[in-house]
Amino acid sequence: MTIDRTTLRWNGWGLSNQHNPLPEGASQWEWIRETLGMSRLPTTTAKPLSEIKLAPCRLAEETLDKLRQLVGGNQVKIDDYERAFHARGKSYHDLLYVRAGKLDMAPDAIVYPRSADEVLAIVKLASDEDITLIPYGGGSSVVGGINALAKSLGGAVVTLDTTLMTRVIQIDKVAMTATIEAGIYGPALEQALQKHGVTLAHYPQSFEYSTLGGWIAARGAGQQSNRYGKAEKWLVSAKLATPKGFWTTEATPASAAGPNLNQLVAGSEGTLGVICEATVKIHEIPALKDYRGYLFKDFTSGVEAARRINHAEIPVAMVRLSDAPETHFFQAASSTTSPTSLKARLQQAYLRFRGFNDAPCLMLIGHEGDGETVAWAQARTEAICKSLGAMKLGTGPGQRWYHGRFGSPHMRDPMLDHGLGLDTLETSTRWSNIATLKDAVASAIEKAIEANLPEPGGRGIVMTHVSHSYPDGASLYFTFIFPRQLDREVAQWQAIKRAASDAILENRGTISHHHGVGMDHVPWLAEEKGAIGFELMKSIKREMDPKGVMNPGKLLG
């Protein structure tokens with residue numbers, strides 16, 4: 001099972017007929033306008049594909065014929081829709097270009113192989129003829145990871161789309177591993193596994209429109225990674241088609257035979273080869289899932305609760321802590337009740353009675369497993385939260401989050417239609433540095449927005465949450481909304497991104513916890529890895545891809 005690409009938005013997120021969470025006339029629009037200090041919300045709709053003229057295909061007809069011979073005529077696409085769909089990823093930066101009709105980065109052809117052998121043949125052809133090749137799964141990258149950038153000015157680009165490669169090759173319920181082709185989308189993967197009573201349980205926010213290969217290539221994280229691990233933890237082995245031939249990494253549960261080369265594959269971002277299939281760790285479908293909310297008086301006490309939960313080695317699936325601005329924003333954005341209504345005033349009065357100020361922080365904790373383990377873990381986490389002054393909110397907030405957990409990205413398109421910018425970035429650091437890093441990055445974003453506003457009196461909203469946590473630290477995920485400078489919207493974004501990224505490295509964070517490097521984070525990677533480490537990465541790239549045809553401009557620049 002795969003997704004019909006013609007049902008998806010080529011210049012946005014999700015289905016073409018996706019339900020709009022912020023329809024025209026919704027009460028939230030006025031609140032957003034007032035919060036951002038805007039005199040009005042302009043209409044800034046995207047340019048339709050019918051009004052955009054793409055550059056002619058630069059591939060010679062002889063090369064197109066060779067591609068058709070390898071995979072079949074129907075599997076080589078050069079029409080405008082396919083080229084536009086595969087031009088860029090789904091970052092805010094990418095959408096500024098595609099919504100404006102700027103498709104100079106569109107690939108010349110898109111090839112849909114159906115097997116690892118076909119992938120290898122395409123890779124070899126690209127290498128032999130020195131043609132840029134872009135590996136592509138769901139296209140959900142938010143860091144420029146699959147943009148169709150040619151290796152040389154004016155050169156041809158072929159995008160290799162893996163989404164016809166969806167077979168579950170083997171399920172080993174003794175070792176609890178599964179071998180699966182890399183082009184399978186998240187929902188299809190889980191449907192196939194759960195028929196056999198097992199799950200990978202990797203649920204990133206992009207789950208509905210991203211693929212197994214993309215998760216590995218970007219070193220991604222699911223929302224329940226506390227229990228099930230990030231991609232580099234659940235990856236057992238991978239098979240890649242490279243310019244040097246097939247490369248299959250070791251698959252033993254542990255080894256002292258030198259470094260584990262799976263760690264080169266996870267996070268390689270298509271620069272070494274195309275991930276064709278992967279063996280991954282699987283789990284029995286949990287008998288019980290318990291998600292519930294707690295309200296903390298401040299972010300500091302919530303962070304301390306998350307730290308204690310991790311240090312106590314309680315088997316949680318998820319610990320997610322929103323700061324006060326995020327707690328307030330999502331409550332306001334999802335509510336149809338006026339903040340001055342009787343119900344809202346009563347809620348505020350009750351919180352003040354309980355000793356909470358006007359800036360509480362919401363924590364969501366998820367437990368998954370058998371009933372006995374879940375009950376024990378839930379009691380332990382609740383005791384920790386209570387000891388730090390948290391208020392129990394019950395399962396209501398947790399269930400609402402769980403059932404709508406893939407919905408937040410759908411808010412971006414209607415905001416872009418009204419002159420607003422919305423972007424995210426993430427990092428991680430040790431527990432002892434969480435407060436310092438959070439304050440520095442949030443301040444840098446706020447100052448950069450303030451210096452790049454379209455009108456006096458405007459302002460941005462900067463929100464943060466802890467999304468993934470570990471014994472030694474946690475990730476910080478920043479979301480920021482701001483009025484767009486319509487005459488310099490790319491330059492505005494670049495100023496904000498540069499300020500935030502500089503602040504991350506200056507304050508001992510990583511340039512990315514789970515989004516990857518892509519094109520957007522290349523300027524900061526060498527500093528993070530150090531001169532020796534960065535040169536080592538480049539030498540591996542030169543060895544595996546001597547002509548540099550594999551996804552140029554990503555990861556290493």
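Two strands are said to pair if DSSP finds at least two bridges between them. With that meaning in hand, the sheets of this structure, which is a predicted model, can be followed strand by strand, and the cavities and buried residues can then be placed beside them.

**The four-stranded sheet and the helix across it**

An open sheet of 4 strands has the order 1-2-4-3, and its pairing is mixed. The edges of this sheet are strand 1 (76-77) and strand 3, each of which pairs on one side only. Strand 3 and strand 4 run parallel to each other and are joined over 5 bridges, and within this pair L133 has V158 in strand 4 as its bridge partner. Helix 5 lies across strand 2 (109-111), strand 3 and strand 4, and runs at about 150° to strand 3.

**Two cavities**

How many cavities of 30 Å³ or more does a search of the whole structure find? The search finds 2 of them, and the table sets out their volumes and the make-up of their linings.

| Cavity | Volume | Lining residues by class |
|---|---|---|
| Largest | about 80 Å³ | 4 nonpolar, 3 polar, 2 charged |
| Second largest | about 40 Å³ | 7 nonpolar, 1 polar, no charged |

The largest cavity is lined by L8, R9, G12, W13, G14, F85, K90, G138 and Y209. Around the second largest cavity stand T63, L67, I122, L125, A126, I131, L133 and V158, so that the bridge partners L133 and V158 both belong to this lining, because each is named among its residues and a lining residue has an atom within 4 Å of a cavity point. Helix 2 (61-71) and helix 5 (116-128) each supply at least two residues of the lining of the second largest cavity, and helix 5, the helix that lies across strand 3 and strand 4, gives the most, with 3 residues.

**A buried loop residue**

Between strand 3 (132-136) and strand 4 (157-161) there is a loop, and N147 is found in it. Is N147 buried or exposed? N147 counts as buried because its relative accessible area is 2%, where buried means under 20%. Leaving aside neighbours within four places in sequence, N147 is in contact with A87, R88, G89, D94, M105, I134, M519, N551 and K554. One of these partners, M105, is 42 residues away along the chain, yet the C-alpha atoms of N147 and M105 are separated by 7.1 Å.

**The five-stranded sheet**

A further open sheet has 5 strands in the order 5-6-10-8-9, and here the pairing is antiparallel. Strand 5 (168-172) and strand 9 (245-248) form its edges, each pairing on one side only, and from one strand to the next the twist averages 10°. Inside this sheet, strand 6 (residues 177-181) and strand 10 (residues 274-281) run antiparallel and are joined by 5 bridges, with E181 standing opposite E277 in strand 10.

**Strand 17 and its partners**

Strand 17 (residues 461-466) is mostly covered, for 6 of its 6 residues are buried. I461, M463 and H465 point one way from the strand, while V462, T464 and V466 point the other way, and the residues of both groups are buried.

Which strands pair with strand 17 in the antiparallel sense? One is strand 13 (residues 318-322), which is joined to strand 17 by 2 bridges, and in this pairing L321 stands opposite V466. Another is strand 18 (residues 473-483), which pairs with strand 17 over 5 bridges, and here H465 stands opposite Y477. Strand 17 and strand 18 also form a hairpin, with 6 residues between them.

T464, which is found in strand 17, counts as buried because its relative accessibility is 0%, and buried means under 20%. Not counting residues up to four places away in sequence, T464 touches L321, S322, D323, E326, K438, L476, Y477 and F478. Among these contacts are L321 and Y477, and these two also appear in the pairings of strand 17, L321 opposite V466 and Y477 opposite H465.

How values were computed
Residues are numbered from 1 along each chain as its sequence is written. This is a predicted model: local features need pLDDT of at least 70, side-chain atom pairs count only at pLDDT 80 or more; totals for chains, interfaces and linings use all residues. Side-chain values use heavy atoms; hydrogens and water are left out. Axes are lines fitted to C-alpha atoms, for helices over the stretch in contact, and angles run from 0 to 180 degrees between N-to-C directions. Buried means under 20% relative accessible area, exposed over 50%, partly exposed in between (1.4 Å probe, protein chains only). On a 1 Å grid over the protein atoms alone, a cavity is a set of points where a 1.4 Å probe fits but cannot get out, and a pocket is an open set with protein on both sides within 12 Å along at least five of seven lines; lining residues have an atom within 4 Å of a point. Grid points are joined across faces, edges and corners, and a volume is the space filled by probe spheres set on the points. Ala, Val, Leu, Ile, Met, Phe, Trp, Tyr, Cys and Pro count as nonpolar, Asp, Glu, Lys and Arg as charged, and the others, Gly among them, as polar. Contact means heavy atoms within 4.5 Å.
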